[in-house]
Structures are given as C-alpha cells and as structure tokens.
Amino acid sequence: MTRMSSPLQTALIATGELIITGGNTPFLLDDPDSVWFVESGQVEVFSVRVEAGKTTGTRFHFFSVPAGQMLFGTNSSGLAPGRGLLAVGMVLIFAATLSQV
C-alpha cells in the first residue's frame with residue numbers, strides 16, 4: 001500500500017531534519033513554529049506538568065499519532081497553567097520549523 005504525501009509532508013522531508021526518538025527521549029511540543037511528520041512508528045502525546053521548562057509528575061495520555069500524520073507545536077496559553085504536551089514514541093520523524101517549509 002502506497003501512502004500519499006501532502007505538499008507539506010514532502011517539504012518537511014526535503015527540508016527537515018531526521019529525528020530518531022523513543023521512550024527515553026521524549027520532547028515537549030512547546031514551539032508553535034515547529035511541525036513534526038511521523039515517518040514510521042507511532043507517537044503518544046501526554047499532558048504533563050511543566051516547571052522551568054522541565055516535565056514533572058504523572059503523564060496523562062492525551063492522544064496517539066500514527067505514521068503518516070503530523071504533529072504541530074503549540075504554546076501553552078491554550079492549556080491549564082503549568083501544563084504542556086509531551087511526545088513519546090519509538091519512531092522516525094522529520095522535524096522542521098514552519099518558516100523552513
């Protein structure tokens with residue numbers, strides 16, 4: 001089965017950087033100018049407490065992102081104070097800032 005690519009996905013692959021991430025390398029989705037394309041695997045997104053740019057406490061599962069889909073960074077203004085979104089998974093993803101695309 002061939003997966004269709006959107007123009008944005010094609011641009012991300014062409015201009016973005018390959019990131020290999022796993023359960024031991026989670027990252028905050030805290031940059032509203034960034035977008036991540038999930039090339040393979042799956043990313044789990046959790047709501048977490050954030051203090052001084054670091055996650056603390058319990059992770060609460062928010063949603064899953066399968067291969068072929070994109071994640072967009074956000075600022076925390078739409079979340080409860082002191083909360084953030086944490087991406088965790090065993091995947092290959094391409095990342096780029098929106099200004100690069």
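These notebook entries record what I looked up in a predicted model of a protein chain.

**Entry 1: the chain overall**

I began with the secondary structure and found one helix and eight strands in the protein chain. I then read the elements from the N terminus and noted the run α-β-β-β-β-β-β-β-β. For burial, I recorded that buried residues make up 33% of the 101 residues. I also looked up the exposed surface of the protein chain, which comes to about 6000 Å². Carbon and sulfur atoms supply 58% of that surface. Turning to contacts with a separation of 6 or more, I noted that residues 24 or more positions apart account for 78% of them.

**Entry 2: the sheet**

Which order do the strands of the open sheet follow? I read the order as S2-S7-S4-S5, four strands with antiparallel pairing. I entered S2 (27–28) and S5 (54–66) as the edge strands; each has a single partner strand, so one side of each is left without a neighbour in the sheet. As a reminder to myself, strands of a sheet pair through backbone hydrogen bonds, either parallel or antiparallel.

I next examined how S2 is joined to S7, which spans residues 83–89. I found two bridges between these antiparallel strands. Within this pairing, I located leucine 28 opposite leucine 86 in S7.

**Entry 3: phenylalanine 27**

I placed phenylalanine 27 in strand S2. Is phenylalanine 27 buried or exposed? Its relative accessibility is 17%, and I entered it as buried because the cut-off for that class is under 20%.

I then listed what phenylalanine 27 touches, leaving aside its neighbours within four places in sequence. The contacts are Thr21, Trp36, Leu85, Leu86, Ala87 and Ile93. Leu86 thus appears twice in my notes, as a contact of phenylalanine 27 and as the residue opposite leucine 28. I also took a C-alpha distance from phenylalanine 27 to lysine 54, and it is 9.9 Å. These two residues stand 27 residues apart along the chain.

**Entry 4: alanine 67**

I moved on to alanine 67 and found it in the loop between S5 and strand S6 (70–72). S5 is also one of the edge strands of the sheet in Entry 2. At 28% relative accessibility, alanine 67 went into my notes as partly exposed, since that class lies between 20% and 50%.

Finally, I checked alanine 67 against valine 43. The two are 24 residues apart in sequence, and their C-alpha atoms are 8.2 Å apart in space.

Note on methods
Residues numbered from 1 in each chain as written. Predicted model: local features only at pLDDT ≥ 70, side-chain atom pairs only at ≥ 80, totals over all residues. Heavy atoms only, no water. Pairing = 2+ DSSP bridges. Buried < 20%, exposed > 50% of the residue type's maximum accessible area, 1.4 Å probe, protein only. Contact = heavy atoms within 4.5 Å. Areas by Shrake-Rupley, 256 points an atom, 1.4 Å probe, with all protein chains shown as cover.
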